[in-house]
Amino acid sequence: MTLTNQDIVELTAWRRKLHRHPEISNEEEMTAKEVVSFLADSKPDRVLTGLGGHGVAAIYDSGEAGPTVMFRSELDALPINELSGVAHSSLVPGKSHMCGHDGHTAILAALGRQFGRPRPRRGRVVLMFQPAEETGDGAAGVVADPRFGDIAPDLAFSLHNLPGVPLGEVRLKAGVVNCASRGMRILLEGKTAHSSMPETGTSPMQAVSRLMPALPGLGRASFDDDDFRMVTVTHASMGEAVFGVAPGHAEVWATLRTRRDDNMADLCAAAEALAAEIAADQKLSCGFDYHEIFVASVNAPEAVAQLRRALDDARSAMFFLGAGERHPALHNPDYDFPDDLIPIGARVFMRTARNLLG
């Protein structure tokens with residue numbers, strides 16, 4: 001079963017509709033309703049909504065014994081102002097689909113179209129439209145939902161488009177494919193002063209300026225090394241936006257990454273010790289908290305084997321799916337998902353499902 005030309009036209013138009021109306025993590029209410037509405041004609045045997053927030057799961061059941069195979073996409077957009085200039089640009093200021101989740105969602109909707117015709121011969125297909133992928137809240141919420149136990153998959157598959165790789169070319173491997181990561185917020189507290197008498201206060205300025213290069217300096221090794229770790233400073237703020245007050249408070253935000261989950265605690269400890277030492281040297285108090293915590297994504301060999309088989313059968317591309325060597329990078333304001341990837345991604349997913357379920 002393949003997509004018709006009309007299917008591709010309608011899926012492309014729908015993807016662009018989603019692109020015009022982005023919703024960021026934990027706000028995807030209308031996007032979820034769009035998914036349910038678009039899949040209605042395929043008559044899934046069961047639809048679960050409100051999973052992990054605004055998540056949607058559409059189940060296509062053969063009625064025969066067999067494995068449950070899940071395909072997952074994401075619903076959320078990013079808090080980025082779009083500068084792509086495409087005709088279907090975001091209509092929501094400061095929010096846009098700069099990671100391609102609208103395209104990934106369209107690929108799963110393409111599977112729904114096809115399984116709405118003949119069902120799998122055995123087992124079940126679950127199309128999981130996950131909320132809040134960018135923050136990590138959605139996956140945790142979906143798995144924690146008691147209803148997820150009824151559809152827990154035997155095998156689960158996903159893809160992500162990858163700018164910088166030729167269009168439609170695949171990147172696939174067993175083992176670690178995405179690092180463990182977490183957002184670290186460092187809070188520095190001193191004492192404000194009049195800007196004409198800064199010596200009467202305790203400013204975090206020097207501490208912030210030292211942390212900026214010191215935190216990334218904790219990184220080491222390359223991604224393929226098990227000892228890989230990286231620290232990226234993503235945000236800093238200090239004092240108030242006035243000229244008359246020397247600052248007494250500052251925040252530095254950083255994203256910590258390790259290849260292995262069990263190395264993350266060591267990196268957190270090193271970053272905390274570094275910040276505490278610098279703060280003490282500047283006579284500041286120092287605190288920490290963590291956000292957007294992700295464990296490492298590790299591809300199971302048996303799942304990778306199924307994808308390799310599908311790639312050989314379909315002669316297409318899958319998992320990390322090339323978006324073009326000169327395509328704007330993910331999370332950049334000029335990015336837009338390449339519509340040509342919709343049938344390519346759908347074809348590989350469909351072949352994977354048919355190989356497993358008939």
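**Close-up of Glu292, a partly exposed residue in strand β14.** The relative accessible area of Glu292 is 43%, where buried means under 20%, exposed over 50% and partly exposed in between (1.4 Å probe, protein chains only). This is a predicted model, in which local features need pLDDT of at least 70, side-chain atom pairs count only at pLDDT 80 or more, and totals for chains, interfaces and linings use all residues. Residues are numbered from 1 along each chain as its sequence is written, and side-chain values use heavy atoms, with hydrogens and water left out. Strands (E, at least two residues) and helices (H or I, at least four) are DSSP runs, numbered from the N terminus. Glu292 is not a glycine, yet has a positive phi of about 50°. Most residues other than glycine have a negative phi, and most peptide bonds are trans.

**Close-up of His331, in the loop between β16 (320–322) and α8.** The phi of His331 is near 70°, a positive value in a residue other than glycine. With a relative accessibility of 36%, His331 counts as partly exposed.

**Overview of the protein chain, with its eight helices and 16 strands.** The C-alpha trace spans about 75 × 40 × 40 Å along its principal axes. The chain has 358 residues, of which 49% count as buried. Contact means heavy atoms within 4.5 Å. Among contacts between residues at least 6 apart in sequence, 78% join residues at least 24 apart.

**Close-up of helix α6, residues 264–281.** From its first C-alpha to its last, this helix of 18 residues reaches 26 Å, close to the 26 Å expected at 1.5 Å a residue; the expected span is 1.5 Å times one less than the number of residues. Met264, Leu267, Cys268, Ala271, Leu274, Ala275, Ile278 and Ala279 are the buried residues of α6. They lie on the same side of α6 because they cover an arc of only 130° around the axis, the arc being that of the directions from the helix axis to the C-beta atoms. Ala265, Asp266, Glu277 and Ala280 are exposed on the other side of α6. The cover over the buried residues of α6 includes β9 (180–189), α5 (205–214), β11 (229–238), β13 (249–258) and β14 (285–294). Lys283, just after α6, takes a positive phi of about 60°.

**Close-up of helix α5 and what covers its buried residues.** Ala207, Val208 and Leu211 are the buried residues of α5. Down the axis of α5 they fall within an arc of 95°, so they line one face of the helix. Their cover includes β9, β13 and α6.

**Close-up of Pro198, in the loop between β10 (193–194) and α5.** Pro198 has a relative accessible area of 45% and is partly exposed. Apart from neighbours within four places in sequence, Pro198 is in contact with Ala193 and Ala246. Between Pro198 and Pro247 the separation is 49 residues in sequence and 8.8 Å in space, C-alpha to C-alpha.

**Close-up of helix α1 and its buried face.** The 16 residues of α1 reach 23 Å from the first C-alpha to the last, close to the 22 Å expected at 1.5 Å a residue. Asp7, Leu11, Thr12, Trp14, Arg15, Leu18 and His19 are buried in α1. These buried residues fall within an arc of 165° seen down the axis of α1, so they line one face of the helix. Asn5 and Val9 are exposed on the other side of α1. Covering the buried residues of α1 are elements including α2 (29–39), α3 and α8 (341–357).

**Close-up of the packing of helix α1 (residues 5–20) and helix α3 (residues 101–115).** The two helices pack at an angle of about 145°, and their axes are 9 Å apart. Axes are lines fitted to C-alpha atoms, for helices over the stretch in contact, and angles run from 0 to 180 degrees between N-to-C directions. The crossing of α1 and α3 is right-handed; a crossing is left-handed if the near helix is turned anticlockwise from the far one by less than a right angle, and right-handed if clockwise. From α1, Asp7, Glu10, Leu11, Trp14, Arg15, Leu18 and His19 meet Asp102, Gly103, Thr105, Ala106, Ala109, Ala110 and Arg113 in α3. By class, this contact of α1 with α3 has six nonpolar, three polar and five charged residues. Ala, Val, Leu, Ile, Met, Phe, Trp, Tyr, Cys and Pro count as nonpolar, Asp, Glu, Lys and Arg as charged, and the others, Gly among them, as polar.
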